[in-house]
Every structure is written in structure tokens, then in C-alpha cells.
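Please open the structure in your viewer and keep the selection tool at hand. The tour below moves from confidence to strands and then to the interior.

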Amino acid sequence: EICIQTQRGKEVMAPAVQHPVLPFPTTTSPSSAGTAAMAASSDLLDVDPPELQFPFELDKQISCPLKMINKTDRTVAFKVKTTSPKKYCVRPNNGVVRPRSTCEVVVTMQAQTVAPPDLQCKDKFLVQSVVVADGLSAKDITPQMFMKQEGNVVEEVRMRVTYVMPPESPSEIAEESDGPQRILAPMQRIVNNGRSASELSSGSVSLRSAELGTEVGSPTGPVVRTEELLKAAGHAAVCAI
């Protein structure tokens, strides 16, 4: 399991033994028709989901799973490439999918320290696939298998990356809904603490918030203006000292 080693579309080739690549069948399974509608598709593999979505958060690694679905009766080898190899890690970045089976790949975006403008992303991924011999394993995969110059029939699925806003946690939602109460409660405590030291009447006190248009307290009591409220709070603080 290693990170992708491509650089702007140019792959770093490692010397290895060439394995035979077989022609792929052109027929597809009827059972894969529903999956293809929801996935990026080639003649060999369906890749689900069709695009990589990351709930963007600063200073946090974010993962997105991919399913490689072999819809043929042949063994298929795949390889994943990206335009930003230092930004993403793919595990595994290549592998073998047996006939009519599925392989899961996890794409992890490294923690980002700066958010892109408007959460726009230009990164892209490429999934290449070829038909291979039935006995082939993942360790036998070589870069030459996916080179079209070698006469191989290589299928490709291109995918784009999108950033989405992360869902709000229940605590954040609660804090937003409690905003007016969190603002008014301290103000009411100021009125109560300064009541004995101020010239306010001993009757019930009503507090009106000009910003929120909300009234707290007894509707029959006198309304305390902002200036009077601050004066009462200041006088109470002096008496306490």
C-alpha cells in the first residue's frame, strides 16, 4: 500500500517483468446496468461513486471510499492515478478484481492548511483497467500493463474532485438556536445585581433588547433603557468594590 507516484500525468516507471495482457470482452452483465447508472463506467469496471467528494475541513485528513466493480467474466487489473500525487494517498493504488466481484479503494486527502477560494478544486483522478490472466495477483502488476504504446487495450475512467461543506454537529446547531438566550441572560443578571444600588423601582423589571426586538420579564413592569441598564450595572460594580 503506497501513495500514488505520478507527477502531472507522467508516471514514474519501475523496471519489472512484463505479464501478458489479454483482450477484453465487449459484453456486459445485465445485473450491472443499475450500478452503471450511478457510477463512472468503462467496458471493464464501474467506479462508484462517479466523483470524489470531500467534506472540506482545515487541518484534517479526509477519506473517500471507492468501489471497483468488475462487471465481466475475466480478471481485471486496475491502477489509480491523480494530478496531485502529494495531496492524496490511495490504498491500494493498484490491484486485481476477480470476475463479478468488487474491490474497495480508499482515497485520503492530506490535511490542508489553506481553504481554496469558493471551495473549488481542479484535481482529477484516472482509473485505468486491463484484462489480465486469471492467476495474476496484485504483486504481479507492472506499469507496462497500462501503457497503450505497448499495444495494450486500456480502459479509462476519469473522475473529478469536489469539496462540500461538512455537516453541522448537534452542538453547533444548539448554540445557534440558543443565541438570543445567551445574550439576554447576562444582561438580566446585571439588572438584578444592580437593582438594590440603583434608582430603579422595586417592582418587576422588564428588559427590552433593541437588536433582537425581544422583551424579557414582566410585561407590566417599567422598561429599562440601554443607558439606564449600563448605568445600573456600573453603579453596582462600584458598590461591590
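The pLDDT, on a scale from 0 to 100, expresses how confident the predictor is in each residue. This model is predicted, and its chain has an average pLDDT of 73, with 54% of the residues scoring at least 70.

Colour the chain by confidence and select strand β11 (residues 102-109), where the mean is highest, at 98, and then strand β14 (residues 206-209), where it is lowest, at 39. Next select residues 1-7, over which the pLDDT stays under 50 and for which the model has 19 contacts beyond four places in sequence. Residues 196-224 also lie below 50, and the model gives this stretch 46 contacts beyond near neighbours in sequence.

Now show the strands in the order β4-β5-β7-β11-β9, which is how five of them form an open, antiparallel sheet. At its edges are β4 (40-41) and β9 (88-91), each of which pairs on one side only. Within the sheet, select β7 (residues 62-70) together with β11, since this antiparallel pair is joined over eight bridges; here Leu66 stands opposite Val105 of β11.

Finally, turn to the interior. Select Leu52, Phe54, Met68, Tyr88 and Phe125, the residues that touch the most other members of the largest nonpolar core, which has 29 residues. At least two residues of this core come from each of β5 (45-48), β6 (52-55), β7, β8 (75-82), β9, β11, β12 (124-132) and β13 (155-164). A second core, separate from this one, has nine residues, among them Val130, Val132, Phe146 and Val154.

Key: Residues numbered from 1 in each chain as written. Predicted model: local features only at pLDDT ≥ 70, side-chain atom pairs only at ≥ 80, totals over all residues. Heavy atoms only, no water. Helix = DSSP H or I, 4+ residues; strand = E, 2+ residues; numbered from the N terminus. Contact = heavy atoms within 4.5 Å. Pairing = 2+ DSSP bridges. Core = buried A, V, L, I, M, F, W, Y, C linked by side-chain atoms within 4.5 Å. Buried < 20%, exposed > 50% of the residue type's maximum accessible area, 1.4 Å probe, protein only.
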